Amino acid sequence: MDEVIQVTQWLSSITPRKKAKLFFFTTHADAPSPMVGSNDVDTHEETQLPLATTVALHNFKNIDEFLKKKVNTFSCYNVIENEITKTDYEYLRFYSACKYLDVVPPFLDLEKISAIQNKFEMADEERDYRLLLDSADLVLEKVCDSLKPAGVSQMWTALRKDRNLIRGVKTIDIIGFFVDPNPTGIKECLFFFIVRFLQKADKINRVNTNRLERLIAQRDESSSCEEGKTIDFIIDSLRFYPTELYPFGFCLIMCVIEGRDGAMQEIEKTMEISRHLGMITHTEKNPTKETIELVKKELMKPKYQFYSSFTCWFMSHGDSNSMVLADGETIEREWFHTSFPDISTFQLKPKVFFMVSCRGANKFSLKGDEFEGQSATCDYYDIGSALIRNRMLDITDSVRDISYVQPMMDTLVAYSTILDHLSGRANTHGSIYVDRACVLMSENISRGRSLTEILEHLSQDLHEILQETMDEDRIVYKQACHYDSFFRKTLKLPYTRHPKEDVHSAPQ
């Protein structure tokens, strides 16, 4: 059959809502640029104009033309070995979006998908189409699905009133002030236009969504939300780190085995829980400085930008400032967990570090009953929220910026013990902290718990356990863990256990 006819039949089989979503996912806001093969085309106009004309004319002609152009580009594209191009990214995004929406063109060359994945050096478990979807876009899709056409129309009216924001933007004028979002697919096009416009204007990104939240919060709930949804529910969904679908993220496990009883058990437990959570996992036994540098270099590869989060377990001996490596050399603990967050592939994504080692030799020793019954109290003052608001600064958009981000932002560092103290372990099972952390994470899957909630529970659980030193003194002591957080959103554990699904992978 003629390819033109095939493309026409494929487009005619897609509903307007799915066309709007396919366009949205395909025009991913954070696509890498500049790339090999990119040009100076105004990408703002390229991605906004079809949405604007569709809303204004209630006609999907321009979106159809955009999708046809993509299909034709991919059809003529020759995959060049060892050189990742902008088209490579676009091809993978297009394929994953089609797969997610169940509209894969029957004529799409899946062998090219496999060839592109080879260029990205993707392992078998990384070829699952869900890895290629952008989690932030999936969250925004759910927000759109939760809003009625009237709610999106109200958002548009509020946006149009912000003259400083829309000044000089031609596509805004194409849509006009008043729109009818009720025809099928128009609500989606208008919402996605608003989102992409705010992203291009550097008002929102995958972490900073306050501007969008304010647009939604001002809407009338009864006319804005689909049945069973509320404004609070929609806004709450934007306040979590986007880690939708599989995989939950990439997990790096580094463990010094030499001289550490139970170290293999630590590896097994952390591997099991990371896979239980739906993470793709890599393990380094007996790491050295060279190992760490090689791993950091590996994580700079383009394929890691598809991951939604990064987790690292580092287990070794240590003292107050450093950790002991397999060859006896030491590295500064702070250097370790501050150098990884600066890796560009995980920028604006949650990064969690579990630092499991002693931080000194001190022990919170128990010597009888003198500590029982002691407590501390404090006074609480009830201050009305309205009074507080009246005394606070009015922070306008003109003094806000989301373009520049301190490297440690979106990072959480969890320590198995407090400064200058021991981190306990069992002869056969390794670190007690690792054991309890894995147990609590496993128990809380499907309960909607956040990582920080689990770490707080872990702190309570670990501090109840009586431990004993392995020397001749046999001192009984307690261990206290803690974490430092630079998170800007909440990181929730997945609701379901994520198995690997080979059936969704592209042909090898």
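Which residues does the UniProt annotation "domain: Caspase family p10" cover? The legends below take that span as one stop on a short tour of a predicted model.

**View 1. The span with a UniProt annotation.** According to the unreviewed UniProt entry, "domain: Caspase family p10" covers residues 410-443. In this model the C-alpha atoms at the two ends of residues 410-443 are 25 Å apart. Helix makes up 35% of the span, and strand makes up 26%.

**View 2. Asp-410 and its backbone angle.** Take a look at Asp-410, where phi is near 70 degrees. That is a positive value in a residue other than glycine. You will find Asp-410 in the loop between α19 (385-391) and β8 (411-415). Is Asp-410 buried or exposed? Asp-410 counts as buried because its relative accessible area is 1%, and the cut-off for buried is under 20%.

**View 3. Asn-286, with a positive phi as well.** Asn-286 is not a glycine, yet its phi is positive, at about 50 degrees. This residue sits in the loop between β2 (279-285) and α17 (289-299). With a relative accessible area of 23%, Asn-286 is partly exposed.

**View 4. A salt bridge within helix α4.** Now for some charged pairs, beginning with Glu-65 and Lys-68, which form a salt bridge. Their closest N and O atoms are 3.7 Å apart. Both residues belong to helix α4 (residues 61-76). They are 3 residues apart, about one turn of the helix. Glu-65 is partly exposed, at 41% relative accessible area, and Lys-68 is also partly exposed, at 26%.

**View 5. Lys-119 meets Asp-88.** Here the side chains of Lys-119 and Asp-88 come together in a salt bridge, with 2.5 Å from N to O. The pair links distant parts of the chain, since Lys-119 is in helix α6 (residues 110-119) and Asp-88 is in helix α5 (residues 86-101), 31 residues apart. How accessible are the two partners? Lys-119 is buried, with a relative accessible area of 12%. Asp-88 is buried too, and its value is 0%.

**View 6. Asp-137 meets Arg-196.** In this salt bridge, the closest N and O atoms of Asp-137 and Arg-196 lie 3.2 Å apart. Distant parts of the chain are linked by the pair: Asp-137 belongs to helix α8 (residues 135-146) and Arg-196 to helix α12 (residues 186-200), with their positions 59 residues apart. Asp-137 counts as buried at 3% relative accessibility. Arg-196 is buried as well, at 0%.

**View 7. Four charged residues in one network.** Which residues join Lys-269 in a network of salt bridges? Its partners in the network are Asp-435, Arg-436 and Asp-461. As background to this view, side chains of opposite charge can pair when their charged atoms come close. Across the model, the count comes to 23 salt bridges.

**View 8. A negative patch on the surface.** Asp-220, Glu-221, Asp-232 and Asp-236 form a negative surface patch. One of these residues, Asp-232, lies in helix α15 (residues 231-238). Asp-232 is exposed because its relative accessible area is 54%, and exposed means over 50%.

**View 9. Met-271 and Cys-251.** The last stop is Met-271, which has its place in helix α16 (residues 263-276). Met-271 is buried, with a relative accessible area of 18%. How far is the C-alpha atom of Met-271 from that of Cys-251? The two C-alpha atoms are separated by 8.6 Å, while the residues are 20 residues apart along the chain.

Methods:
Residues numbered from 1 in each chain as written. Predicted model: local features only at pLDDT ≥ 70, side-chain atom pairs only at ≥ 80, totals over all residues. Heavy atoms only, no water. Patch = residues over 30% accessible without salt bridge, like charges linked within 9 Å, V, L, I, M, F, W, Y side chains within 5 Å. Areas by Shrake-Rupley, 256 points an atom, 1.4 Å probe, with all protein chains shown as cover. Lys, Arg positive; Asp, Glu negative; His and termini not counted. Charge placed at Lys NZ, Arg CZ, Asp CG, Glu CD. Helix = DSSP H or I, 4+ residues; strand = E, 2+ residues; numbered from the N terminus. Buried < 20%, exposed > 50% of the residue type's maximum accessible area, 1.4 Å probe, protein only. UniProt positions renumbered as here; feature names shortened; annotations may be inferred.
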